[in-house]
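Me: I'd like to learn how to read a model feature by feature. Can we walk through one together?

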Amino acid sequence: MKERFHIGNIVYELTDACNQCCRFCYNYWRDGSSPIVTPSDALARKTLRKLLSQAAVGTVSFSGGEPMLLKNIHDLAMYARLRGSNVNILTNGTLLTSDALANFESLGIGAIQIPLLSADSGIHEYLTSLPGSWEKARTALWRAATLMPQGAYAVLVITKVNAPGVSATLKLIRDLGVRNVMVNRFNVGGNGIKNSDELALNPAALKQAFADVESFAADHPDMRFVSGVCTPVCVVDTSAYPHILFTGCSTDLNCRPVTVSWSGDVRFCNHSPHVLGNIYDRPVGEILSDPEVTARYAVVPEKCTSCAHRKFCNGGCRAASEQLYGTFDLPDPILTSGAGV
Ligand code: SF4
Ligand code: SF4
Ligand code: SF4
């Protein structure tokens, strides 16, 4: 039997739709330019089967939009598990009932990630634009932490709006029993482009927010803190925060979240808007190995050519540059635009 192409991590976007409209949402289709398509259980299943027939995937992260809008999400998770993949669920938590969570647990889901943006319900719901979402997210996180202590992740997207309350938010997350926290800086894209003046932190404020996380992390060594969107070292010296694991950006296939949508479109990662091809036209391995694709991501921004941090940072989040400037060739917008400076 022919061996399947191997991919370390795939973000599988089950739908473009979401019941929230977060001010910071980086989904590139959330720029208001086109209507959002209703979820399709049948197409989400067909595309997953197609994808996993073409590639052996280490971890598939179900995302969107909001993946819990798919009525067959547990069947999809079971299918991916049977095909040998680990499965994570990236959800806003508002639709995660205790039954749904118990089903995930019995399927051996590795991680459930749920954003909790503030200890103040008003701030959380200002950012999500959904009344009632704070209590639901809080309850879902508590349930996840109770049932799957190792697999429950809180996600704190740090913006100008919620940064002053970072320590209180982390305390609430801890009180819910959660021990894993993603502390991601606001990364411009999608709906966040039009809200960037309101949300983007300047370097001094971002450093203060990370200092608050660092201080909390140092006091609670039983917790783990990961910053999941590359923060350029020339903007924030990440070595000042030893209790936060900062991830860099890599073009390596096995180190980045290759992204496939419900309709089969393949992209560099989940923040990138650029479609490289569709798995119904060509196998995913062929798309990702295409010399044109490799060349597109091999360009090094001029500013970064002699930087000592390039191997780790690679110009920061250049998917954000694709969203803002339409090119991967420029370094992270946080260096040059009102998005960060
Ligand atoms: S950030 Fe997530 S929960 Fe918020 S609108 Fe986007 S997809 Fe929905
Ligand atoms: S690689 Fe570029 S963006 Fe990253 S730290 Fe160096 S100069 Fe800054
Ligand atoms: S371009 Fe941005 S979102 Fe994509 S892998 Fe790099 S840091 Fe992550």
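Me: Let's start with one residue. Where is the place of Gly122?

Reply: First, a caution: this is a predicted model. Gly122 sits in helix α4, residues 121–128.

Me: Is Gly122 buried or exposed?

Reply: Count the C-beta neighbours. A residue with 12 or fewer inside 10 Å is exposed. Gly122 has 9, so it counts as exposed. For a distance, take Ser133: eleven residues from Gly122 in sequence, and 9.9 Å away in space, C-alpha to C-alpha.

Me: Now backbone angles. Which sign does phi of Ser129 have, positive or negative?

Reply: Look for positive values outside glycine. Phi of Ser129 is positive, about 60 degrees, and Ser129 is not a glycine. Ser129 lies in the loop between α4 and α5 (133–147). With 13 C-beta neighbours inside 10 Å, Ser129 is classed as partly exposed.

Me: What is phi of Asn314, and where is Asn314 found?

Reply: Phi is near 55 degrees, again positive in a residue other than glycine. Asn314 belongs to the loop between α12 (310–313) and α13. The burial cut-off is 20 or more neighbours. Asn314 has 24 inside 10 Å, so it counts as buried.

Me: How many residues of α13 are buried?

Reply: Read a helix residue by residue. Helix α13 covers residues 318–325, and six of its eight residues are buried, so call it mostly covered by the 20-neighbour cut-off. The buried ones are Arg318, Ala319, Ala320, Ser321, Glu322 and Gln323. They pack against α7 (191–194). Gly326 follows α13, with a positive phi near 80 degrees.

Me: And the peptide bonds? Which residues does a cis bond join?

Reply: Check omega. The bond between Gly64 and Gly65 is cis, with omega about 15 degrees. Gly65 is in the loop between β2 (55–63) and α2 (73–82).

Me: Which residues surround ligand 1?

Reply: Gly64 and Gly65 are both in that shell. The others are Cys18, Gln20, Cys21, Cys22, Cys25, Asn27, Glu66 and Asn92. By class, the shell holds four nonpolar, five polar and one charged residues.

Me: How many residues surround ligand 2, and which are the closest?

Reply: There are 14, and the closest are Pro232, Cys234, Cys304, Cys307 and Cys313. The shell divides into eight nonpolar, three polar and three charged residues.

Me: Which residues are around ligand 3?

Reply: Among them are Cys230, Cys249, Cys269, His271 and Cys317. Arg318 and Ala319 are also in this shell, and both are buried residues of α13. By class, the shell has six nonpolar, two polar and two charged residues.

Me: Next, helix pairs. How do the axes of α6 and α9 cross?

Reply: Ask for distance, angle and hand. The axes of α6 (residues 166–175) and α9 (residues 203–219) come within 9 Å and cross at roughly 35 degrees. The crossing is right-handed. Val166, Ser167 and Leu170 in α6 meet Ala209, Asp212, Val213 and Phe216 in α9. This contact has five nonpolar, one polar and one charged residues.

Me: Which members of the largest nonpolar core touch the most other members?

Reply: Of its 90 residues, they are Phe62, Ile114, Leu141, Ala154, Leu156, Ile158 and Val213. Strand β5 (residues 152–158) gives the most to this core, seven residues. Val213 also appears in the α6 and α9 contact.

Me: What does Phe62 touch?

Reply: Leave out residues up to four places away in sequence. Phe62 then touches Tyr12, Leu14, Pro67, Ile73, Leu76, Ala77, Val87, Ile89 and Leu90.

Key: Residues numbered from 1 in each chain as written. Chains lettered and ligands numbered in written order. Predicted model: local features only at pLDDT ≥ 70, side-chain atom pairs only at ≥ 80, totals over all residues. Axes fitted to C-alpha atoms, helices over the stretch in contact; angles between N-to-C directions. Helix = DSSP H or I, 4+ residues; strand = E, 2+ residues; numbered from the N terminus. Left-handed = near helix turned anticlockwise from the far one by under 90°. Contact = placed C-beta atoms within 7 Å. Nonpolar A, V, L, I, M, F, W, Y, C, P; charged D, E, K, R; others polar. Near = placed C-beta within 6 Å. Core = buried A, V, L, I, M, F, W, Y, C linked by C-beta atoms within 7 Å.
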